[in-house]
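The following exercises concern one protein chain, shown below with its sequence. Each task is followed by a solution in steps.

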Amino acid sequence: MNPPSYLTAKQKKEFMEIANELMRIDLISNLDVDTLAQYIDARSHYREVIKAIKKFKPTSLRTDEETGLEYLGASKEYASLQRTKDLLFKQCRSIAGELGLTFSSRLKLRGPQKNDDDQDNSKFGKWAGKR
C-alpha cells in the first residue's frame, strides 16, 4: 500500500504508520488508500488550526464605532478558527469511524470474535447446545 503523491513527506510517514497498523489487524486494503489519505490530510489541518488558535484570545478589547466606547467582545479571528477546528474535527471523527480508528468502530467492523474454547456454560447455553 502506497500513500498518494499529494500528501507531504510528513503526511506520507503518518499514512504508512496507520496503514501498517490497520493492515496488521486486517481492517484496511488498497481500496481504502484515498480514505486514509483524506483522514491524514484533515488531521494535519486540524493540528495547524489548533496551533493558530493558541495565538488568539477568545475575547478582545473592541471599540464601538458609534459611541467610541471600548468593550470586551468576541475575537473574530478566534471564532473563525474555532469553527474551522470544529469542522475538521467532525471530518476526522467521521473518517476515523469509517477506517476503524476508534474502539467502537473496530467492534462494529470486526464483530464479536468467538474462539472454539468459548462455550456458553449457562443453563440456556447448555440447553441450546443440545438442540
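**Exercise 1.** Determine where Leu109 is placed and which residues Leu109 contacts outside its neighbours within four places in sequence.

*Solution.* Step 1: Leu109 belongs to helix H4, residues 103-110; helices (H or I, at least four residues) and strands (E, at least two) are DSSP runs numbered from the N terminus. Step 2: With a relative accessibility of 46%, Leu109 is classed as partly exposed, because buried means under 20% relative accessible area, exposed over 50%, and partly exposed in between (1.4 Å probe, protein chains only). Step 3: Once neighbours within four places are set aside, the contacts of Leu109 are Leu27, Gly97, Glu98, Leu99 and Gly100, where contact means heavy atoms within 4.5 Å. Step 4: For Glu98, the separation from Leu109 is 11 residues in sequence and 8.8 Å between C-alpha atoms.

Two conventions apply throughout: residues are numbered from 1 along each chain as its sequence is written, and side-chain values use heavy atoms, with hydrogens and water left out. The model is predicted, so local features need pLDDT of at least 70 and side-chain atom pairs count only at pLDDT 80 or more, while totals for chains, interfaces and linings use all residues.

**Exercise 2.** Establish how the predictor's confidence is distributed, and which elements have the lowest and the highest mean pLDDT.

*Solution.* Step 1: pLDDT is the predictor's confidence in each residue, from 0 to 100. Step 2: The chain average is 88, and 84% of the residues score at least 70. Step 3: The lowest mean among the elements, 63, belongs to helix H5 (residues 123-130), and the highest, 97, to helix H2 (residues 33-53). Step 4: Where pLDDT is low, the predicted coordinates should not be read in detail.

**Exercise 3.** Describe the overall make-up of the protein chain: how many helices and strands are there?

*Solution.* Step 1: There are five helices and two strands. Step 2: Their order along the sequence is α-α-β-β-α-α-α. Step 3: Of the 131 residues, 26% are buried. Step 4: Considering contacts between residues at least 6 apart in sequence, 50% join residues at least 24 apart.

**Exercise 4.** Characterise the packing of H2 against H1 and against H3.

*Solution.* Step 1: Two packed helices are described by the angle between their axes and the distance between the axes. The axes are lines fitted to C-alpha atoms, for helices over the stretch in contact, and the angles run from 0 to 180 degrees between N-to-C directions.

Step 2: For H1 and H2 the angle is about 125° and the axes are 10 Å apart. These helices are therefore oblique to each other, since angles under 35 degrees count as roughly parallel, over 145 as roughly antiparallel, 65 to 115 as roughly perpendicular and the rest as oblique. Residues making this contact include Gln11, Glu14 and Phe15 of H1, and Ile40, Arg43, Ser44 and Arg47 of H2.

Step 3: H2 and helix H3 (residues 76-99) pack at about 155° with axes 9 Å apart, and are therefore roughly antiparallel.

**Exercise 5.** Trace the side-chain polar contacts of Gln11, Arg43 and Arg47.

*Solution.* Step 1: A polar contact is a pair of N or O atoms within 3.5 Å; within protein, one must be able to donate a hydrogen and the other to accept it, and residues adjacent in sequence count only if both atoms are side-chain atoms.

Step 2: Gln11, in helix H1 (residues 9-24), is buried at 7% relative accessible area. Its side chain is joined to that of Ser44 by a polar contact of 2.8 Å.

Step 3: Arg43 of helix H2 is buried at 18% relative accessibility. The Arg43 side chain reaches the side chain of Glu14 in a polar contact of 2.4 Å. Beyond neighbours within four places, Arg43 is in contact with Glu14, Ile18 and Cys92.

Step 4: Arg47, also in helix H2, is partly exposed at 39%, and its side chain makes a polar contact of 3.2 Å with that of Glu14.

**Exercise 6.** Examine Asp26: is this residue buried or exposed?

*Solution.* Step 1: Asp26 sits in the loop between H1 and H2. Step 2: Its relative accessibility of 66% makes Asp26 exposed. Step 3: Although not a glycine, Asp26 has a positive phi of about 55°.
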